[in-house]
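Here are a few exercises to work through with the model open on your screen. Try each one yourself before reading its solution.

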Amino acid sequence: MNNSTHQTSTGNGLLVAAITALFLLAWGTSFTALAAKADYLPKQKMRIPKDNQLTPERIELGKALFFDPRLSDSNRMSCASCHNPSLYWTDGLRKGVGKGSQTLKRATPTLVNVGYSRRLFWDGRAKGLEAQALVPLKSTIEMNQNIAELIRELSAIPGYVELFAKAYPDEGITELTIAKALASFERSIVSPYDSPFDRWVAGDDKALSAAAKRGFDLFDGKARCSVCHSGQNFTDNSFHNIGLNNDDDIGRYEFIKVQVLKGAFKTPTLRDITRTAPYMHNGEYQTLDQVIDHYVKGGVDKSNLSPDMKPVKLSRQEQADLLEFLQSLTDEPQPVTVPVLPN
Amino acid sequence: MNKFVTAFIVMITLLVTVSGSAMALAKDITVNQQNKTFLMDNVKVEAITVNQGDTIHFMNNDPWFHNIFSLSDLKTFDLGSYPQGESRPVTFDKKGVVEIECAIHPNMHLEVTVK
């Protein structure tokens, strides 16, 4: 045998193997998943303030208040007017509707799993559900209620006096207990976490179609959706400018003057996303196809774009797979019994 | 003349020693941004104490951008957005408390006490 030929063949083989290995490593690394499947398991513990631990009485009181139009000055608007349980706790409109049917600045967000959020509103200006609850109540363009007057009204309704006494004994009917009760009810609005995606993550390999599985790989890999839409509720609860046509809405920058926050809004959840159109803080997109197209382009108004936003090359098939994955995040409808209000 | 030279040499030596000591006292500290958390030596931190003159290097270890800032009266700064692998320094030159956050990820919060 010719030793030098043998050594050359072996050397060539090793070189080919090394190049192949390097190629595979680069290929795999470039689309490395940002998160593991297990990151989407519903393991997160909801943070609840010590002075407002959840009890059935508090949820019952909060539910009554939530559905009670007497909480508005007109006696015609309740929290449920915009956060309608029949429409997945939103209103199906491009922008919210306030007092006198006026159009509001931004879309109504869903309340599904809102108890896991620490910063509320699209711009995150309220810290905690208790801080948020009274803002629409008092807002002159929404429920326009005078709180002192509301307290007098509620105190004159024996049913409410009893509910408050059971839920917050010795605390009375106050601005604080009204807020705490509403927050308690909102904390009870949670997904069953039994969507096809959830069943797949829990181990049922047949729960997702092949297309949806490919869509998940894109979501967590090349398309980089999970950079912001992370965790069990598919939101990082953080603030990004994703290049929407914001008009003059500067988002979180109104409250924190740091350049990156100009036009930055909170990442919404993707749970039940097929049921909560229109999409974005301004309700700009009516379909998920339009949303995906927005990300393929890498945004529209790029004047202060988040550096994490980059165009994503997705073929038509990949876009269809991604859509099918998003569709797998919707739970079966959860009927809600509407309370009989106290008198 | 010799006395002056000697005194001069002693003075220079003292100056170098003192300044050298001062430089040796000012530390460089690394705080990592990882999993949308501030970490020091792989442990989550929410409050740390540093000495006046110390520099904290904010290193981004996450596969997405962070944007560290402070609007505290004592020390106001915006490090801007920077990617994984990059680090930006902040020197704490006045005593007091500085509240630091990531603008993008508001759960990332660090209180720095400068003494």
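**Exercise 1.** How many salt bridges does the structure hold over all chains? Then look at the pair D249(A) and K105(A), and work out which parts of the chain it links.

*Solution.* Keep in mind that this is a predicted model. Start with the total: over all chains, you should get 21 salt bridges. Next, zoom in on D249(A) and K105(A): their closest N and O atoms sit 3.9 Å apart. The cut-off is 4 Å, so the pair counts as a salt bridge. Now place the two partners. D249(A) lies in the loop between β3 (239–240) and β4 (265–266) of chain A, while K105(A) belongs to the loop between α3 (79–82) and β1 (119–120) of chain A. That puts them 144 residues apart, so the pair links distant parts of the chain.

**Exercise 2.** Describe how α9(A) packs with α11(A), and sort the contact by residue class.

*Solution.* Two packed helices are described by the angle between their axes and the distance between the axes. For α9 (residues 210–220) and α11 (residues 316–327) of chain A, the angle is about 100° and the axes are 7 Å apart. Angles of 65 to 115 degrees count as roughly perpendicular, so that's the label for α9(A) and α11(A). Next, find who touches whom: α9(A) brings residues including R214(A), F216(A) and F219(A), and these residues of α11(A) are among those on the other side: D321(A), L322(A) and F325(A). Sorted by class, the contact has 8 nonpolar, 2 polar and 4 charged residues.

**Exercise 3.** Do the same for α4(A) and α7(A).

*Solution.* Geometry comes first: α4 (residues 129–138) and α7 (residues 175–187) of chain A pack at about 110°, with their axes 8 Å apart. α4(A) and α7(A) are therefore roughly perpendicular to each other. Among the residues that meet are L129(A), A133(A) and K138(A) from α4(A), and I178(A), L182(A) and R187(A) from α7(A). The class tally for this contact is 7 nonpolar, 1 polar and 6 charged residues.

**Exercise 4.** Characterise the interface of chain A and chain B: what area is buried, and which polar links cross it?

*Solution.* Chain A puts in 21 residues and chain B 14. Between them the chains bury about 1,400 Å², with 60% of that on carbon and sulfur atoms. On the chain A side, V258(A), V260(A) and P307(A) lose the most area, together 28% of what that side buries. By class, that side has 8 nonpolar, 5 polar and 8 charged residues. Now check what crosses over: the salt bridge count between the chains is 0, but there are 7 residue pairs in polar contact.

Technical notes
Residues are numbered from 1 along each chain as its sequence is written. Chains are lettered from A and ligands numbered from 1 in the order in which they are written. This is a predicted model: local features need pLDDT of at least 70, side-chain atom pairs count only at pLDDT 80 or more; totals for chains, interfaces and linings use all residues. Side-chain values use heavy atoms; hydrogens and water are left out. Axes are lines fitted to C-alpha atoms, for helices over the stretch in contact, and angles run from 0 to 180 degrees between N-to-C directions. Helices (H or I, at least four residues) and strands (E, at least two) are DSSP runs, numbered from the N terminus. Angles under 35 degrees count as roughly parallel, over 145 as roughly antiparallel, 65 to 115 as roughly perpendicular and the rest as oblique. Ala, Val, Leu, Ile, Met, Phe, Trp, Tyr, Cys and Pro count as nonpolar, Asp, Glu, Lys and Arg as charged, and the others, Gly among them, as polar. Contact means heavy atoms within 4.5 Å. Buried area is the accessible area (1.4 Å probe) that two parts lose on being put together, summed over both. A salt bridge is a side-chain nitrogen of Lys or Arg within 4 Å of a carboxyl oxygen of Asp or Glu. A polar contact is a pair of N or O atoms within 3.5 Å; within protein, one must be able to donate a hydrogen and the other to accept it, and residues adjacent in sequence count only if both atoms are side-chain atoms.
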